[in-house]
Amino acid sequence: MTREEITAGLAEILEEVAGVNPDDVAEGKSFTDDLDVDSLSMVEVVVAAEEKFGVKIPDNEVQNLKTVGDAVSYIEAQS
Amino acid sequence: MTRPDVVVTGLGATTPLGGDVASTWDAMVAGRSGVSPLTQEWAAQLPVQIAAQLAVEPSEVLDRVRLRRLDRSEAIALIAAQQAWADAGLAGSGLDPERLAVSVGSGIGGATTLLAQDDILEASGPRRVSPHTVPMLMPNGPAAWVGIEVGAKAGVHSMASACATGAEAIALGLDIIRSGRADVVVAGGTEAVVHPLPIAGFASMRAMSTRNDEPEKASRPWDKGRDGFVLGEGAGVLVLERADHAAARGAHVYARVAGAGITSDAFDIVQPHNEGEGAIRAISKAIADSGVAKQDIVHVNAHATSTPIGDMLEIGALRKALGDHPVLSATKSMTGHLLGAAGALESIATILAIRDGVVPPTINLDDPDEALTLDVAAHKARNMEVPAALNNAFGFGGHNVALVFTRV
């Protein structure tokens, strides 16, 4: 799966969970500062991403995933 | 120090009769029933297959992402509060948030969230349980969401007194303003538990009507054929305001909240006191608190849920505490029983009866019980001057609340 495909998959999840416009989702964007994803919604995003990409994202990793790009890199490395 | 007067400057509701106050009131005056068959698959196995469900789904009002984190009871409290807040014209009025409080309760709370998330826990494990579960099911959730919505910083309160909740939340709002803790209180009740478990629980108590083949005729307070209440869902919210505060900003005023009476039976966890003793004291206290002459209280929106015992005990209590002159309505004949929202919705109906000089009908009163010895506006609304009116609400646990409203 390419980074673009993972980004597109995350955009779908972010739209479903937090109402984020998919056009706003890019690797450089911060989940909290740019996309307004709060802590509870972030939990939902992580669980949905685990399901969608078939990976495990432990809680102690989630705090390192500040940007969409961080998440894409983590998922890319695990899958 | 003289006690400040408290008035109502905003109303909001979403009910089985309509998505707002105007449509609900129009349907009520017209005598329309909001009760219908439960067509959900789960209903087939239940002894009770009817309910009064919302006329307008929350998804038609609030966006999808917002609804993801709201229990249905929270969503409709928010919708009713938004309406009441807009109606009061307080947005952008410069009201100090530290002078604004919330008093919104629920009889049962986020039970449907609890049950839905338990299904997910059983089927998919704990990691799939929504992180919104706790704020969705906590009983203070509706009040807290309303508090965030209107920016209330003088305290957010969540009354829980079963079917007296909505009325007691208004009584608390009255107290808050009278005691000087706030100038404005957003007060009301909400309930949304049309789900097989609560229905099965009430049905096991033999408290609900099983007139499944005639949904619109199932809720029939004071009628000989009554066989229990019909579950309803909805929310009602009022904006209560110190009278001089409302006057200073030139606000439209619906009515005055003149008095409240609250008692407890200390008798039985579900049965009302066998002589209506607690109800008599609540009504008497409300009248005394209001300072209104009994003969001016010409209309009562009764609790009257369509249960065999409770309906008649209330008649006796009203005769003793108020007299034989009031004209009664049981609007639950149309809305079903909104449990924790009932006292709020029925307070709104009481206020609009005062405003319009129209006492709403009690439908289905085809064969009145012999013990019904007070005048009821049966079948059709009655036009009459209403200078003052009473609303009763009683709840499991022995809660009795009476409220007196007057013209301004």
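Helices and strands are named here from DSSP runs, with helices of at least four residues and strands of at least two, numbered from the N terminus. With that naming in hand, the reader can follow this predicted model through its pockets and one annotated residue.

The largest pocket holds about 640 Å³ of space. Its lining is made up of 34 residues, and those nearest the centre of the pocket are Val270(B), Pro272(B), Thr307(B), Gly310(B) and Phe396(B). Four elements of chain B, namely the helices α10 (277-290) and α11 (310-321) and the strands β14 (388-395) and β15 (399-406), each contribute at least two residues to this lining, and the largest share, 4 residues, comes from α11(B). Sorted by class, the lining of the largest pocket consists of 15 nonpolar, 14 polar and 5 charged residues. Because domain 1 (7-249) and domain 2 (259-406) of chain B both give residues to the lining, the largest pocket lies between these two domains.

The second largest pocket has a volume of about 470 Å³, and among the 26 residues that line it, Glu44(A), Arg68(B), Gln117(B), Arg128(B) and Ser130(B) are the closest to its centre. Chain A supplies at least two lining residues from each of α1 (3-18) and α2 (39-53), while α4 (111-124) of chain B likewise supplies at least two. The largest share of this lining, 5 residues, comes from α2(A). The class composition of the lining of the second largest pocket is 12 nonpolar, 5 polar and 9 charged residues.

The annotations turn the attention to chain B, where an unreviewed UniProt entry lists residues 3-407 under "domain: Ketosynthase family 3 (KS3)". In the model this span is 33% helix and 20% strand, and the C-alpha atoms at its ends lie 18 Å apart.

For "active site", UniProt lists Cys163(B), again in an unreviewed entry, and this residue is placed in the loop between β5 (156-157) and α7 (165-178) of chain B. Is Cys163(B) buried or exposed? Its relative accessibility is 9%, and because buried means under 20%, Cys163(B) counts as buried. Leaving aside residues up to four places away in sequence, Cys163(B) touches two histidines, His303(B) and His337(B), together with Leu339(B), Gly340(B), Ala393(B), Phe394(B) and Gly395(B). Among the residues that Cys163(B) touches, Ala393(B) and Phe394(B) fall within the range of β14 (388-395), a strand that also supplies at least two residues to the lining of the largest pocket.

Technical notes: Residues numbered from 1 in each chain as written. Chains lettered and ligands numbered in written order. Predicted model: local features only at pLDDT ≥ 70, side-chain atom pairs only at ≥ 80, totals over all residues. Heavy atoms only, no water. 1 Å grid on protein atoms, 1.4 Å probe; cavity = no way out; pocket = protein on both sides within 12 Å on 5 of 7 lines; lining within 4 Å. Points joined across faces, edges and corners; volume = space filled by probe spheres on them. Nonpolar A, V, L, I, M, F, W, Y, C, P; charged D, E, K, R; others polar. Domains from an automatic or database assignment. UniProt positions renumbered as here; feature names shortened; annotations may be inferred. Buried < 20%, exposed > 50% of the residue type's maximum accessible area, 1.4 Å probe, protein only. Contact = heavy atoms within 4.5 Å.
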